[in-house]
Amino acid sequence: MPGRTSDKAPKNPCNDLNSSYASQGKNCYEGERLTNLLQSIRREIESTRHLDGSSLPEKIWLKQQFSIGVNDVTRVLERMTPCSELGSSPQLPSTICRNPRVSTVKLKAVLVASDCNPRWLTKHLLGLASSRKVPVIFVKDDKEGSLRLGELVKLKTALAVGIKAKENNINKLFDEILHGNATIESDWSNSARIADKPSSVQVSDRKGELQS
């Protein structure tokens with residue numbers, strides 16, 4: 001008789017993470033939607049740096065605006081106070097809730113490259129961010145998500161980037177994105193829309209023609 005085979009397939013440790021990615025829905029960006037998102041973020045970075053008037057080197061200034069890399073994002077999330085309703089959860093030890101190293105730095109949102117390999121490098125960020133009520137936005141680009149994130153912060157690659165909570169244009173953009181109020185347009189679409197709009201000079205000239 002042929003040997004009996006188990007009905008249960010071996011458990012894939014990445015299944016939980018894959019289902020977490022799939023459950024994010026609108027918070028997963030890829031294709032043209034991702035390109036437009038990253039262009040919008042870059043525009044706000046340039047705008048914020050210009051308004052800030054800082055003389056700091058760009059990479060140092062970027063570190064003031066973002067937590068860069070899995071380790072830095074993890075560190076900031078761990079020092080944030082977990083939500084009170086989850087404080088007694090067995091998954092969140094009481095030592096975390098009474099962490100004497102609680103930092104004043106907060107994160108508005110976390111960008112995570114969904115092409116991370118192995119996936120467990122970023123898996124813990126989902127639980128940490130959820131317990132702190134920090135939204136996670138997934139960047140998916142056929143194994144190049146980490147490259148796209150790296151470009152934002154002037155690095156070769158970045159698996160995770162946290163947006164620090166500050167009163168600036170970058171935060172305002174993410175408020176709009178997370179609440180579904182942002183109009184994300186490509187640079188080409190934005191330029192075309194401006195080009196199609198008649199200037200004030202053209203409008204006044206047309207009025208003059210009508211009056212004459």
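I take helices (H or I, at least four residues) and strands (E, at least two) as DSSP runs, numbered from the N terminus. I note at the outset that this is a predicted model.

**Entry 1: the chain overall**

I looked up the secondary structure and found 10 helices and 5 strands in the chain. The chain has 212 residues, of which 35% count as buried. I then turned to contacts between residues at least 6 apart in sequence: 77% of them join residues at least 24 apart. For the surface, I recorded about 13,500 Å² exposed by the chain, with carbon and sulfur atoms supplying 51%.

**Entry 2: the sheet**

In what order do the strands form the sheet? I read S1-S4-S3-S5-S2, an open sheet of 5 strands with mixed pairing. Strand S1 (28-30) and strand S2 (66-68) each have a single partner strand and stand at the edges, so one side of each lacks a neighbour in the sheet. I also noted the turn between neighbouring strands, which is 20° on average, direction ignored.

**Entry 3: strand S5 and its partners**

I followed strand S5, residues 160-164. With S2 it pairs in the antiparallel sense over 3 bridges, and there I found Ser-67 opposite Gly-162. With S3, strand S5 pairs in the antiparallel sense over 5 bridges, and here Val-112 stands opposite Ala-160.

Is S5 covered or exposed? I found S5 mostly covered, with 5 of its 5 residues buried. Ala-160, Gly-162 and Lys-164 point one way from the strand, while Val-161 and Ile-163 point the other way. Lys-164 is thus listed among the buried residues of S5.

**Entry 4: helices across the sheet**

I next examined helix H2, residues 31-52, which lies across S1, S2, strand S3 (107-113) and strand S4 (136-140). Helix H2 runs at about 100° to S1. Helix H3, residues 58-65, lies across S2 and S5 and runs at about 105° to S2. I remark that S2 is crossed by H2 and by H3.

**Entry 5: Arg-42**

I chose one residue of helix H2, Arg-42, for a closer look. Why does Arg-42 count as partly exposed? Its relative accessibility is 30%, and the class applies because values between 20% and 50% are neither buried nor exposed. Leaving aside residues up to four places away in sequence, I found that Arg-42 touches Glu-151 and Leu-152. Arg-42 and Glu-151 are 109 residues apart along the chain, and their C-alpha atoms are separated by 9.4 Å.

Key
Residues are numbered from 1 along each chain as its sequence is written. This is a predicted model: local features need pLDDT of at least 70, side-chain atom pairs count only at pLDDT 80 or more; totals for chains, interfaces and linings use all residues. Side-chain values use heavy atoms; hydrogens and water are left out. Two strands pair if DSSP finds at least two bridges between them. Axes are lines fitted to C-alpha atoms, for helices over the stretch in contact, and angles run from 0 to 180 degrees between N-to-C directions. Contact means heavy atoms within 4.5 Å. Buried means under 20% relative accessible area, exposed over 50%, partly exposed in between (1.4 Å probe, protein chains only). Accessible areas come from the Shrake-Rupley method with a 1.4 Å probe; for residues, only the protein chains shown count as cover.
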